[in-house]
Amino acid sequence: MKLYVDQDLCISCGLCIDTCPAVFSWGDEGKAQAIEGEVPADAENEAREALENCPTEAIKEE
Ligand code: SF4
């Protein structure tokens, strides 16, 4: 699974970073960003939870 954050949709609520800090972090623009490349297997469940709970559906699967 590979994820990215649509920077136009992210409202910087921080939920994804709280839910799955192994994958999500703050980018330079104050929006969330996902790690590049494959989500580590042991973080997949949390990452998917973040994807499903993002209030603006800004997290997308590549
Ligand atoms: S949960 Fe969605 S809106 Fe909130 S910081 Fe993460 S990507 Fe942005």
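This passage walks through the core, the cavity, the salt bridge and a few individual residues of a predicted model.

The hydrophobic interior is a good place to start. The largest nonpolar core counts 18 residues, and L3, V23, F24 and I59 are the ones with the most contacts inside it. Two or more residues of this core come from each of β1 (3-5), α1 (15-19), β3 (32-34) and α2. L3 itself sits in strand β1. With a relative accessible area of just 4%, L3 is buried, since the cut-off for that label is under 20%. Once residues up to four places away in sequence are set aside, L3 touches F24, A34, I35, V39, A47, L51, I59, K60 and E61. A C-alpha to C-alpha distance of 9.0 Å separates L3 from Q33, and the two are 30 residues apart in sequence.

F24, another of the core residues with the most contacts, has a list of partners of its own. Neighbours within four places in sequence aside, F24 is in contact with L3, V5, C16, I17, Q33, A34, A47, A50 and I59. L3 thus turns up among the contacts of F24, and F24 among those of L3. A34, A47 and I59 are likewise found in the list for L3 and in the list for F24.

Next comes the empty space. Searching the whole structure for cavities of 30 Å³ or more turns up one. The largest cavity encloses about 100 Å³. Its lining is made up of 15 residues, with C10, C13, C16, A32 and C54 lying nearest the centre. By type, the lining of the largest cavity splits into 12 nonpolar residues, three polar ones and no charged ones. One of the residues nearest the cavity centre, C16, is also a contact of F24.

C13, also one of the residues nearest the centre of the cavity, belongs to the loop between β1 and α1. Its relative accessibility is 47%, so C13 counts as partly exposed. Apart from neighbours within four places in sequence, C13 is in contact with W26 and P55. As for E29, 16 residues from C13 along the chain, the C-alpha atoms of the two are separated by 13 Å.

The loop between β1 and α1 also holds S12, and the backbone does something worth a look there. Phi of S12 is near 60°, a positive value in a residue other than glycine. S12 is partly exposed, its relative accessible area being 29%. A positive phi in a non-glycine residue shows up at E57 as well, with a value near 55°. E57 is placed in the loop between α2 and β4. The relative accessibility of E57 is 58%, and because exposed means over 50%, E57 counts as exposed.

On to the charged side chains. The structure has one salt bridge. In it, the side chain of E61 meets that of R48, at 3.7 Å from N to O. The pair ties together distant parts of the chain, 13 residues apart: E61 is in strand β4 (residues 59-61) and R48 in helix α2 (residues 44-53). Side chains of opposite charge can pair when their charged atoms come close. Both partners count as partly exposed, E61 at 42% relative accessibility and R48 at 34%.

E61 has other partners too, including L3 and K2. K2 lies in the segment that precedes β1. Counted as partly exposed, K2 has a relative accessibility of 36%. Although K2 and E61 are 59 residues apart along the chain, their C-alpha atoms are separated by 5.8 Å. Leaving out residues up to four places away in sequence, K2 touches G37, E38, K60, E61 and E62. K60 and E61 also appear among the residues that L3 touches.

Last on the list is G30, in the loop between β2 (24-26) and β3. G30 counts as partly exposed, at 34% relative accessibility. G30 and Q7 are 23 residues apart in sequence, and their C-alpha atoms are 9.6 Å apart in space.

How values were computed: Residues are numbered from 1 along each chain as its sequence is written. This is a predicted model: local features need pLDDT of at least 70, side-chain atom pairs count only at pLDDT 80 or more; totals for chains, interfaces and linings use all residues. Side-chain values use heavy atoms; hydrogens and water are left out. A salt bridge is a side-chain nitrogen of Lys or Arg within 4 Å of a carboxyl oxygen of Asp or Glu. Helices (H or I, at least four residues) and strands (E, at least two) are DSSP runs, numbered from the N terminus. Buried means under 20% relative accessible area, exposed over 50%, partly exposed in between (1.4 Å probe, protein chains only). A nonpolar core is a set of buried Ala, Val, Leu, Ile, Met, Phe, Trp, Tyr and Cys residues joined through side-chain atoms within 4.5 Å. Contact means heavy atoms within 4.5 Å. On a 1 Å grid over the protein atoms alone, a cavity is a set of points where a 1.4 Å probe fits but cannot get out, and a pocket is an open set with protein on both sides within 12 Å along at least five of seven lines; lining residues have an atom within 4 Å of a point. Grid points are joined across faces, edges and corners, and a volume is the space filled by probe spheres set on the points. Ala, Val, Leu, Ile, Met, Phe, Trp, Tyr, Cys and Pro count as nonpolar, Asp, Glu, Lys and Arg as charged, and the others, Gly among them, as polar.
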